[in-house]
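This report is meant to be read with the sequence and the coordinates open side by side. It moves from the packing of two helices to aromatic groups, backbone geometry and a few single residues.

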Amino acid sequence: MARVEFGLDTFGDVTVGPDGELLPYAQVIRNVIDQAVLADEVGVDVFGLGEHHRDDYAVSAPEIVLAAVAARTRRIKVGTAVTVLSSDDPVRVYERFATLAAISDGRAEITLGRGSFTESFPLFGYDLADYDRLFAEKADLMAELLTEKAVTWQGTVRPPLDNQEVYPKTEAGRIPTWIGVGGSPESVVRAAQYGFPMVLAIIGGDPARFAPYVDLYHRALAEFDRERLPVAVHAPGFVAATDEEATETLWPHAQRVLTRIGAERGWPPLTRDRFEADIAEGAWHVGSPATVAAKIARTVTALGIQRFDLKYSAGTLPHESLMTAIHLYGTEVIPRVCELLGT
């Protein structure tokens with residue numbers, strides 16, 4: 001088996017300080033940059049930063065934060081998890097990431113998605129009734145822009161382009177771009193249609209149950225006469241010195257954020273039993289370095305993926321706990337997974 005890449009993702013969750021009070025947004029953003037710098041130092045391959053437009057997340061302009069990360073790191077790839085393409089303009093997305101590619105010496109990546117929240121739609125004047133059409137048309141335009149050739153395109157969600165060049169061009173000739181998929185077969189096929197590598201967002205249930213989506217993706221690539229492309233998994237987790245410490249540290253913060261999100265979406269409150277069951281058998285990769293490494297290895301093997309991204313932040317988890325988790329992930333979890341996989 002070829003070596004798997006290992007990433008860390010965060011949404012820039014607003015965290016609590018030593019006094020238990022929420023930190024200012026500015027401090028959260030500075031802490032995220034420090035977290036990315038540490039990830040680079042301990043050997044993590046990719047750092048992904050999500051885009052949100054709500055009060056419990058500090059990062060609404062991930063490319064700017066990633067530019068700061070790029071300026072302070074040497075080797076780690078910097079990308080999004082995800083860029084909400086539906087409520088953005090593909091031309092501006094290309095321009096911002098081409099600029100980030102220059103700043104980072106070619107380490108920039110994009111993960112395109114619909115986003116797990118919808119606040120950006122009314123914020124930027126989009127109608128949720130156009131949810132599917134917005135993403136489909138903009139993904140089509142993004143695929144054209146990424147060729148870095150003159151683009152002629154026409155749709156219904158933005159003005160047309162007629163033999164339009166877009167700048168700056170990148171040194172590599174293309175920005176590595178993934179599509180994030182939450183479990184919709186149509187989204188899997190769309191990723192294959194446009195020739196984008198796929199990121200499976202697994203936030204609940206046994207990761208092995210997503211194997212049919214990986215198989216569908218590879219079959220769709222073959223039907224579209226495209227080369228085999230990598231698949232990544234984005235899943236939540238947390239690392240501490242022991243299993244007990246990881247669970248006890250994470251629980252109150254995960255309960256708070258997931259109960260809030262659940263109330264917004266009509267889900268029941270998160271119970272301790274359900275939380276522990278998802279750690280034992282579901283999507284959460286939580287525990288000591290040995291425990292997390294074993295579960296990541298199972299996920300990688302079950303799905304045959306080429307990259308695993310741990311969503312290491314969860315609600316108000318303090319910066320200090322996140323830094324410890326990052327250090328353990330890079331120095332202990334990744335080497336253990338590689339040993340288990342024989343890579």
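What follows is a description of selected local features of a predicted model.

**Helix packing**

Helix H6, which covers residues 185-194, packs against helix H7, which covers residues 211-223, at an angle of about 35° and with the two axes 8 Å apart. The crossing in which H6 passes H7 is right-handed. On the H6 side the contact is made by Pro 185, Val 188, Val 189, Ala 191 and Ala 192, and on the H7 side by Tyr 213, Leu 216, Tyr 217, Ala 220 and Leu 221. Sorted by class, the contact of H6 with H7 has 10 nonpolar residues, with no polar and no charged ones.

Arg 190 also lies in helix H6, but this residue is not named among those that make the contact with H7. Is Arg 190 buried or exposed? Arg 190 counts as buried because its relative accessible area is 15%, and the cut-off for that class is under 20%. When residues up to four places away in sequence are not counted, Arg 190 touches Arg 114, Phe 135 and Ala 136. Its C-alpha atom lies 9.8 Å from that of Leu 221, a residue 31 positions apart from Arg 190 in sequence, and Leu 221 is itself one of the H7 residues in the helix contact.

**Aromatic rings and charges over them**

A search of the whole structure finds eight aromatic pairs. Among them is the pair of Phe 275 and Trp 284, which is edge-to-face, with 5.8 Å from centre to centre and 70° between the planes. Both partners, Phe 275 and Trp 284, are buried. Elsewhere, ring pairs link Phe 11, Tyr 57 and Phe 117 into a cluster.

Phe 117 has a further partner, for Arg 265 lies over the face of this ring at 4.7 Å from the ring centre. In a similar arrangement, Lys 169 lies over the face of Tyr 167, at 5.0 Å from the ring centre. Tyr 167 appears again in the backbone geometry, where a cis peptide bond joins it to Pro 168.

**Backbone geometry**

Most residues other than glycine have a negative phi, and most peptide bonds are trans. Against that background, the table gathers two cis peptide bonds and two residues with positive phi.

| Feature | Residues | Value |
|---|---|---|
| Cis peptide bond | Ala 81 and Val 82 | omega about 10° |
| Cis peptide bond | Tyr 167 and Pro 168 | omega about 0° |
| Positive phi | Asp 105 | phi near 60° |
| Positive phi | Asp 225 | phi near 60° |

Where along the chain do these features fall? Val 82 is placed in the loop between strand S3 (77-80) and strand S4 (83-84), whereas Pro 168 lies in the loop between strand S7 (161-164) and strand S8 (177-181). Asp 105 is found in the loop between helix H3 (90-103) and strand S5 (110-113), and Asp 225 is in the loop between H7 and strand S10 (231-239). Asp 105 counts as exposed because its relative accessibility is 63%, and Asp 225 is likewise exposed, with a relative accessible area of 70%.

**Two further buried residues**

Val 239 lies in strand S10, and because its relative accessibility is 1%, this residue counts as buried. Its contacts, leaving aside neighbours within four places in sequence, are with Gly 287, Ser 288, Pro 289, Val 292, Leu 310, Ala 325, Leu 328 and Val 333. By contrast with these contacts, the C-alpha atoms of Val 239 and Val 181 are separated by 25 Å, the two residues being 58 residues apart along the chain.

Cys 338 has its place in helix H11 (residues 319-341) and counts as buried because its relative accessibility is 12%. With neighbours within four places in sequence again left aside, Cys 338 is in contact with Arg 3, Phe 6 and Thr 343. The C-alpha atoms of Cys 338 and Leu 100, which are 238 residues apart along the chain, are separated by 30 Å.

Technical notes. Residues are numbered from 1 along each chain as its sequence is written. This is a predicted model: local features need pLDDT of at least 70, side-chain atom pairs count only at pLDDT 80 or more; totals for chains, interfaces and linings use all residues. Side-chain values use heavy atoms; hydrogens and water are left out. Axes are lines fitted to C-alpha atoms, for helices over the stretch in contact, and angles run from 0 to 180 degrees between N-to-C directions. Helices (H or I, at least four residues) and strands (E, at least two) are DSSP runs, numbered from the N terminus. A crossing is left-handed if the near helix is turned anticlockwise from the far one by less than a right angle, and right-handed if clockwise. Contact means heavy atoms within 4.5 Å. Ala, Val, Leu, Ile, Met, Phe, Trp, Tyr, Cys and Pro count as nonpolar, Asp, Glu, Lys and Arg as charged, and the others, Gly among them, as polar. Rings of Phe, Tyr and Trp (its six-membered ring) pair if their centres lie within 6.5 Å; planes under 30 degrees apart count as stacked, over 60 as edge-to-face and the rest as tilted. Buried means under 20% relative accessible area, exposed over 50%, partly exposed in between (1.4 Å probe, protein chains only). A charge sits over a ring if NZ of Lys or CZ of Arg is within 6 Å of the ring centre and within 35 degrees of the ring normal.
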